[in-house]
Structures are given as C-alpha cells and as structure tokens.
Amino acid sequence: MGGLTSTSKGLYNKGKIGMTFKLPPGLALQKVDERIMTLNVGPQHPGSGHMRLIVQIDGDYIVACDPDPGYVHRGEEKMAEYRNYILNIPHLERPVIHDSCNVLYPYVLGSEEILGIEVPERAKYVRVIASELNRCIYIMYWLAIYGIFLGHSTMFMWPAGDRELLIDLMEKMTGARVTHAHFVPGGVRNDLPPNFEDVCLRQVNYFEKRIKEYAAIFYDNPILIARTRDTGILSRQDAIRYGTTGSVLRASGVDYDLRVKEPYDVYEELDVHTNVMKEGDSYARSKIPWLDMLESCNIIRQALQKMPKSGSVRTKLKPNPKGKGLDSVYKRVESGRGSLGCYIVSDGKVEPYRVKLSVPSFRNLIALPNLLRGEKLGNMPSVYWSLNYWPVEADR
Amino acid sequence: MMSTETENPPEDSTEDSTEVESPPPVAKKPAAPVVIPAFEKSISDKIVEKFGDKVEVGFVKEDRVRINVGRENVHDVAEFIRDGLNYDHVESVSGVDYPQDNEIEVVYHIGSYDDSSLARQILVLATRAQRETNPIPGNDATRLPTLRDVFYSVEFHEREVFEMFGVFFEGHPDNRRLLLPEDWADLPPLRKDFTIKGR
C-alpha cells in the first residue's frame, strides 16, 4: 500500500512532468476540480451560433464561462488591404448580411472623408431609409432566433414572416434581397424606383401595426417574463466599464444612441427618440430592439416626407480614387446591434493601408462571462441571445 | 477586346469628362482656412499641459483628437485620460504595421458614455512597439504595457491585437488566442509581410 502511494506521488509530484514541459505562450495548464464539470456549448450546437462557449458548471450553476469565437473568421480586414475603395464594398458587408447597409455605412462615410467626396442631399435620405429598413430586418431575424431558443415557436414564425415584407421593399430599392451592396462612396448605387415612397409608406405602416401585436404574444407573456426577468443583470457602471454598446447599453440605463449623440448624414434633421430601460436584465435587453423597430418606423416616415423629390443620388467617382497622402479617419454609426466603428488608414494609394472594423458584437462579448457567472445553466440561452450577438460579425 | 479598349480612353481624359458630365449637386466650397475647433483644442491642451514633451498631438479635428505617445508613458497618459478627462471606455484597439519604420502602431479609440459633453468625442491614443523581422509572438521585443487595468474594455481587443500582430501586452491577465486557431504557426496574419496567395 505504502509503496504504491509513494510511487504514484513521485510520478505526479511537481518537478517530474510539470517542470520539464514548457508550454508555448498562448496555452495554459488548467487545474480540474472534481466538483466542476466543463461543458462545450458549440460550435456545432445551434444554441450558440457559430461559436463555442466553454462553460464550467457546479451542479446547475455556471461558475465560469470562456467564450471562444473565431470559427467564422474570414480575414475581412486583411482582404480590405488588397482591394481598392470600391471593390471593398461587396465583401465588407459579409459579416452581417442581414444588416448589410449598416455594416457598410461607417466604411462608406470614412472613405468619403478620405477621398474628399460630397454626397447629394437625396442620397443621404435614401441611405437613412435603407439603413432603418435594414435595422428592422436585422432585429426581426434576431427576434426570431431569440423566440425559438426560449421555446416560443410562434415568435420564430411571425418575425420570419413579417420580415419578408421589408425584404421585398429592399429588393425593390436595391435589386437584392439580403446582400445589397447599395451604399457606395459618394451616395447610393441606384435611385429609388418609381412610386417607391407610396409602397414604402404603406408597408411600413402595416409593419408597425403588426409588430405592435408582438407585445401581447411575447413581451407580456408570463412565461417569457419568468424566464428573462432578473437574469443576467448588467449594472449601469459595469455596462460602461465593459464598453458595451447598443441595446445592451441602453437596457442598462445609459442614454446613448449615435443617431442622437453624433448624428451622421441627415439624422440631425430627423426627430430620433432614444429608448432606455433601467432594469439591465435579459428582459430589458430583449425589449429595447423591439422598441427600436417602432422608432425606426417613425424615422422612415419622417425621412420619406423630408426627402427631396428628385435629384442626383450619386457623385461620380474618378476611376481608382485615392486619398491625399497619409491620413486616418474613424467613423461610427448606430447599427442594429450598436455603435459600429470603422478606422481607415490611407497612405495615398488606391487601396486602403489598413481597415479596422470595431464591431458591436465583439464589444458586447466581454459582458458575457460576467453575466453568466452565478447564473443557472438553463438561463444561458436567454442571457446569451439577449446580448444581440451575431458571431459572424464578431469574428469578421 | 479592341472595341472595349477604344471605348475606354486613358485615365486622365475620363477624369475630365466625368466631371463635366455630372456637375456635383453641392457646389464645391473654396478651400477654407483650417479652423481648429476650440473644445477639442482644450482637450489636447490639458494633456500637453500635464505631460509636456512626452506626448505629441497628432491632429485636432472636429470630434477627434489624436495623441501620440511613447510606450513608456502610455499607461500614465491613459490613467490621466480616465481620471482627469472623464473618458470611460475604449471602443476599438487597432494595430497598424509599419515595416519601413520597423514599428507596429497600436491605436486606442477612447470614448465617454457618462460625460455628455464628450459624447461626440473620440480620443485617439496611439503608441508604437518595436517590430521584429522574425517574430516569435510573446517571446520577442514586440511588447507594450497593457491598458486593461485602466480600461477594462480593452481585454478582448488586446487579445486580438496580440494574435494578429504579435504585440505582447505586459500585464494582461489572459494573453491567449482568440480568433485564430490554437495551432496557428505562421506569421501574425495582419502584418504586412504576411501576404495573401495570388494577390
């Protein structure tokens, strides 16, 4: 007996294995506690999207969570260094194809400043309409996913169906159903089709009436409230400290919306109301995007009214436009998930020297381990999807 | 082929003709003298007053102030930006590779949620790390002090810069890979000497 213990001690004692084996940087040995079980959620599991969550649980409670994104990393930033300012447009919208206008917006604003292009007034309004419609399309998709992961099948079917209305509208406007590539430096690719204003107004009015019905079936539903109230509470101080953005930030009581705080294009002339809730729990985070959609309908109606009825929508570019030497610009817009920034460095060549997308999903991800710690495992989907997270965008 | 070539005249003439064809709807403004915005100037003045020669003002534009600082002072300047100027979160941390200078620049875009007067402002804090031609990420001289203890929000951003550029952040609690696969053994991919095949 004694001999056996001593040999096993000798084998596993410090000094034999641990000291000789030097770990490369980036890897770490982890001590495993018998009480703690490690769970891999994803990347194939539909509940996590295209990412992996390494969750450690003690019984039913999560003690640690380590998000592991990167399964859909496509090197968008590297690709952008090899293409000129126009050729970058179709691939830079790929991270969030169902919010493609908003993900292109900061890049287009930045290139306009670097290339020194003025945008026609009508194009600015068309952009606002397109980006607000796209915001609704994105949020409806997110809401469908949120509904199905809380076991609410109707909330999957309704948004997925009502979203088609707006997709048809975008198809009329841009010619493509999801990947529009509509924004270009200097304006938008095409003018609106004839009679678009009337069709748009009619559809948006119907859409608004329709999403108001969601309150009765989803947001006032006692089962949803029981599952999301007081789960994953993010305090105001933490929301600021983690640098979260968009609906996550506004659900924690911070009144910050770039359309109001740093208005770009014609948002200055429109009346935009910021939706803020103070609870900071999953319920508030799931309700803010829905309130945003109602606000988007108001913005679209205002923009349709104020838009110049005719005029150019695109300033013609010279072939292969370039910047004026070493220059850098950081532009940001409010996308469907939050503030989306684009940092462009130009060295006067036809290709940008460096393009960095600071995406809201990546910024909100840092809150996830802190929100899940101490939460029940069954609450993981409601907390995770309430972050308005899109894995492909975070990976770029 | 022949016909397309004749249809497309050389670049210079196209530039002229397109400008004539479509007069820009917004009249081009005459080159105005560069006006330095006062509020942004006051922010950069406060930093210069505090640190003197240690910092260099990159530019002062509308809503954007850029401060360049050496790696030995970046931590102190960041602390002053947080405590003295009320900035509270970092929006973005970008690496930019400059092989000709033998340096890698790390740019922090810092904003403020709490102070409503700073809501439009982004303070750009740039610092540079030494660049190695044959990098061994984590074990070479490409190092910077981390700002994670000043701004908690840089945690994942700095992990990304480490794997994409090989800049090791001293004092960062978690310098593991984030987006790249664990067995990535090539150059850090966003460096300029890592080239895409066929391009």
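**Exercise 1. The helix H5 of chain B**

Find the residue just after H5(B) that takes a positive phi, then work out how well the helix is covered and by what.

*Solution.* Step 1: the residue is Gly166(B), whose phi is about 75 degrees. Helices (DSSP runs of H or I, at least four residues) and strands (runs of E, at least two) are numbered from the N terminus. Before going on, please note that this is a predicted model, in which local features need pLDDT of at least 70 and side-chain atom pairs count only at pLDDT 80 or more, while totals for chains, interfaces and linings use all residues. Residues are numbered from 1 along each chain as its sequence is written, and chains are lettered from A and ligands numbered from 1 in the order in which they are written.

Step 2: H5(B) spans residues 155-165, and 11 of its 11 residues are buried. Buried here means that 20 or more other C-beta atoms, placed from the backbone, lie within 10 Å of the residue's own; with 12 or fewer a residue is exposed, and in between it is partly exposed. The buried set includes charged names such as Glu155(B), Arg159(B) and Glu163(B), as well as Phe156(B), Val161(B) and Phe165(B).

Step 3: the cover comes from both chains, with H14 of chain A on one hand and strand S3 (89-98), S4 and S7 of chain B on the other.

**Exercise 2. One side of H4(B)**

Determine which residues of H4(B) are buried, how they are arranged around the axis, and what covers them.

*Solution.* Step 1: in this helix, residues 74-83, the buried positions are Val74(B), Val77(B), Ala78(B) and Ile81(B). Step 2: they lie on the same side of H4(B), because their arc (taken from the directions from the helix axis to the C-beta atoms) is only 100 degrees. Step 3: among the elements covering them are helix H3 (38-51), strand S1 (55-61) and strand S2 (64-69) of chain B.

**Exercise 3. From S1 to S3 in chain A**

Follow Gln56(A) through its bridge partners and describe the hairpin.

*Solution.* Step 1: strand S1 (residues 37-41) and strand S2 (residues 52-58) of chain A run antiparallel and are joined by 5 bridges; two strands pair if DSSP finds at least two bridges between them. Here Thr38(A) has Gln56(A) as its bridge partner. Step 2: S2(A) also pairs with S3(A), residues 61-68, again in the antiparallel sense, over 7 bridges, and there Gln56(A) is matched with Ala64(A). Step 3: the hairpin of S2(A) and S3(A) has 2 residues between the strands, and Gly59(A) takes a positive phi near 65 degrees.

**Exercise 4. The interface and the core**

Work out which parts of chain A touch chain B, and where the largest nonpolar core draws its residues.

*Solution.* Step 1: 38 residues of chain A are in contact with 42 residues of chain B, a contact being two residues whose C-beta atoms, placed from the backbone, lie within 7 Å. Step 2: H2 (76-80), H10 (236-241), S7 (339-347), S8 (354-358) and H14 (360-365) of chain A each supply at least two residues of this side. S7(A) has the largest share, with 4 residues. Step 3: by class, the side has 16 nonpolar, 11 polar and 11 charged residues. Nonpolar covers Ala, Val, Leu, Ile, Met, Phe, Trp, Tyr, Cys and Pro, charged covers Asp, Glu, Lys and Arg, and the others, Gly among them, are polar.

Step 4: the largest nonpolar core (buried Ala, Val, Leu, Ile, Met, Phe, Trp, Tyr and Cys residues joined through C-beta atoms within 7 Å) has 146 residues. Leu133(A) and Val77(B) are among those with the most contacts inside it. Helix H5 (residues 121-149) of chain A gives the most, 18 residues. Leaving out residues up to four places away in sequence, Leu133(A) touches Leu166(A), Leu169(A), Met170(A) and Ile300(A).

**Exercise 5. Confidence and overall make-up**

State how far chain B can be read in detail, and describe the build of each chain.

*Solution.* Step 1: the mean pLDDT (the predictor's confidence in each residue, from 0 to 100) of chain B is 80, and 83% of its residues reach 70 or more. Over residues 1-20 of chain B, the pLDDT is below 50. Where pLDDT is low, the predicted coordinates should not be read in detail. For the model, ipTM is 0.82 and pTM is 0.83.

Step 2: chain B has 5 helices and 7 strands, and 37% of its 199 residues count as buried. Chain A has 17 helices and 8 strands, with 49% of its 396 residues buried.
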